[in-house]
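The exercises below work through helix packing and chain contacts, each with a solution in steps. Please look over the sequence and the coordinates before starting.

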Amino acid sequence: MNRWLATGAFCIAAAFLILGAVALRPFGQPARTEMDDYFNRYSQPEVAANNAVTAIVFDYRGYDTLGEATVLFTAVTGVALILRRVRK
Amino acid sequence: MTVVVRTITRVLLPISLVFGGYVIMHGHLTPGGGFQGGAVAASGLALVLVAFGVERLAGKKGLLSVLESLGGVAFAALGFLGLGVTFFANVLAGSGGLFGHPVPYGPNPGDLNTAGTLPLMNWAVGFKVLAGLGAVVLLFGLFGGEK
Amino acid sequence: MSVHAPILAIAVPLLGGFAAPLLARIHRKVRDLWVLLVVFFSGACVGYVAAHILSSGIWVYVLGARNPQETLAPGGFPIRIMLTVDAMSAFMGLIAGFLALVAFPFALKYIPEEEGKTLALTLSLLLLAGILGLAYTGDLFNFFVFLEVTSIAACGIIGFRTWISRAPEAAFKTMVLFSLSGLFFLLASAFLYGEYGALNLAYLSAQIKGTLVDKLALALFLAGLIMKVAAAPVHFWAPDAYGEAPAAKTLLLVVNTQVSLYGLWRVLFTLYGGALSAGVGWLVTSLGLLTMVVAAFMALVQVDLGRLVAYGAVSQIGYMMLGVGVGLVTLAGRPDYGFVAMKGGIFHMLNDALTVGLLFLCVGAVEWTKGTRDLRELGGLGHGLPGVALCFLLASLALAGIPPLNGFASKILIYEGSFRLSPILAAVAVLASILLLAVFARAFHGAFLGPRAEVKEGLPWVFLLSMGALAVGILVLGLVPGFFVEELVAPAAKALWHGRALYLAAVLGG
Amino acid sequence: MIGNLPFVVCMILVALGLWTLIAKRNLVKLVIGMSLVTSGVNLFLVSLGYVRGGIPPIYTYAPAAAPMVLPTPQALTLTSIVIGVATTALMLAFVVVIYRHKGTLDVRKIRDLRG
């Protein structure tokens, strides 16, 4: 019973996802690119970086990267916590 | 592990570390950056772990943890550096000093001394990722070995 | 420095978390002092931000720009990540800040040094930073990143007692659901990015028209966030998680659920506020009803005090969803009773944080003295621990919604609003409350009444201080609710209910 | 439809991962399913940035006058990959500890908790 319920939910979810992929704008032709065009155009004058991706990662969206570094740090702390030796 | 693996590890370890350093150093000029370079260098550590056993690196756990914390603190501190303007503002870019050269617009050969705080952040993140991934692999290895 | 208050509230705990393992190498006292300093500083920033916003409106802070208020690039679109703090975010931040101030001193005494205190404190600081980051951010991808920070930190804390086999199991279960929720959120943001080429919440909100892709993204947002808030069909991780985590840290887990709920409101009201059908409101409302009823019935059969309180906590999520869900159903017409229900649901977030927090601290104190939480073994603790017993009684009554306490103040608003929409909603909510009263009467009787039991002497005074702070909060909110509803809750509810245009204007100008 | 084939493939990958989560009873396989979902989402994210005939958004020795692909999805994908690694590491740590306690990886045999 549970199994059939899960299978049904899965089929609906998969159908929705594929429907969404089909309904999205065509591959290789982004509809709206003003933000990305800005990054490609101004990463050299504003950040003085040849690599626009690095300019985004560390400057325009540097705060995200701080969060990402935090995630990695948290995970390592978590692994150290889970795999620590406790005398009990 | 056999002598073949050990010998090849001896050859590959410096190569992976140097290549990781290269990827980190040129993060603002070529594909790559702190995360990618750190992961490349950490693969060298994992290789050592496989070839020589966990015991060889067991004493380095504290060092890796300190290195990781330092990397994190350095990265956050570079963010705080921008507080005169806003958090995470790139105050060094185009300032003329350290990493402060301007670049011309359009394709160019690249100049290491550009991009302001980006190269510094790349290094901080690179060390952090190297230490973090190394510590994870080491912790898993140590946990299996203590039975 | 005060211009940077919102980011400092988030960045200082992050830095604190990075530095805590280093400082622990110098000396434990240095680490403890550092943790307290960081939490107090962050709490002060949160308070300052809230005071500023309540007096002068939405606070936008653009990260990395030449000027913190420069939201748009030439061309009229946002490019950088920005914090957009309105009254609702500030309210959420206040809850998190207050509970952190209570939980950290408690945790410093509660967690034994040899069990990995440094790691636990580090994770807690990062969890606090993640919660504040979620509350303040105005960017979808940034929201995802901080969602993952809270997920991973929370699961680390849940798996803290690795020597009990239940803890890693609970943590694994929670981790699967949390990661899935994060991935759904990311997928939804990716769809919106693919359609509109932007990630800023306000900018996207102005673009969303309700196309097929928008609706799919909404479904994914809903699925992801409902998993994270422990609503009914996917609530089963929460009792395990709350039950297995160390009691002092459970407070932060409760706030973590609430901030995910806040994320749900943010997505529904602000992001999709212009193109939302009443069906979504009915979905949230019915899930809320289901949650409160299922959790109350499950609480009835628990024998573990921690799990019992955990089910009580889950049922309270149902009340919040009911209150705000009524607001969502009536969003098109915006009648008065919808706003009353909204106020009730949002006020209940604060009340739930206080009451459930106090209950978990009591459970922690009981476990600290007796070493067990099994109701079949406990009993008669009221003689030895009168303070704890009093706090537990107070919090139980507040949770069940008994008149002079804070739970009643918010539940009456929820009943009033939902009754006007449909009497059945209010009836079910009252029924669940009565059930909860029975549950907690049994728990109080089982743990604290009966013949005098031996207790370990020397309950640290910090425990009683933390519990006292929450108890005073419960009493004050219960006796003079009017002041808080008008000054804190009403602006927060209004920010969701009417504030979408203001939110958009603060970022996009005009 | 056929133009959007890359998106559809990513979604199929996500669906396969979800199916693994539903159908499998082995903890490590659950982690693998999670990784599959992560990979699917990451691929979808990075494929959003493709522009027909585009070159990488890097100016060092770039060929002149070619369109560059969108850089933002690449930056987002980088972040999300690292998050995926972190999640996987933590989940595997839980699996290791559970195995030490129970001596099995079968979900049906380790259920102490019923919620």
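**Exercise 1: a helix pair**

In this predicted model, helix H13 (residues 336-370) of chain C packs with helix H18 (residues 461-479) of chain C at an angle of about 150 degrees, their axes lying 10 Å apart. Classify the relative direction of H13(C) and H18(C), give the handedness of the crossing, and describe the residues of the contact by class.

*Solution.*

1. Because angles over 145 degrees count as roughly antiparallel, H13(C) is roughly antiparallel to H18(C).
2. The crossing in which H13(C) passes H18(C) is left-handed.
3. From H13(C) the contact takes residues including Phe347(C), Leu350(C), Leu354(C), Leu358(C), Leu361(C) and Trp368(C), while among those of H18(C) are Phe463(C), Met467(C), Leu470(C), Ile474(C) and Leu477(C).
4. Sorted by class, the residues of this contact between H13(C) and H18(C) comprise 14 nonpolar, five polar and no charged.

**Exercise 2: the contacts of chain C**

Describe the contact of chain A with chain C by residues, buried area and salt bridges, and then do so for chain B with chain C.

*Solution.*

1. Between chain A and chain C, 37 residues of chain A are in contact with 52 residues of chain C, and the buried area is about 3,900 Å², with carbon and sulfur atoms giving 71% of it.
2. Two salt bridges are counted between chain A and chain C; a salt bridge joins the side chains of Asp139(C) and Arg61(A), at 2.6 Å from N to O.
3. Between chain B and chain C, the contact takes 17 residues from chain B and 20 residues from chain C, and it buries about 1,500 Å², of which 71% comes from carbon and sulfur atoms.
4. The salt-bridge count between chain B and chain C is zero.

Methods:
Residues numbered from 1 in each chain as written. Chains lettered and ligands numbered in written order. Predicted model: local features only at pLDDT ≥ 70, side-chain atom pairs only at ≥ 80, totals over all residues. Heavy atoms only, no water. Axes fitted to C-alpha atoms, helices over the stretch in contact; angles between N-to-C directions. Helix = DSSP H or I, 4+ residues; strand = E, 2+ residues; numbered from the N terminus. Parallel < 35°, antiparallel > 145°, perpendicular 65-115°, else oblique. Left-handed = near helix turned anticlockwise from the far one by under 90°. Contact = heavy atoms within 4.5 Å. Nonpolar A, V, L, I, M, F, W, Y, C, P; charged D, E, K, R; others polar. Buried area = accessible area lost by both parts, 1.4 Å probe. Salt bridge = Lys/Arg side-chain N within 4 Å of Asp/Glu carboxyl O.
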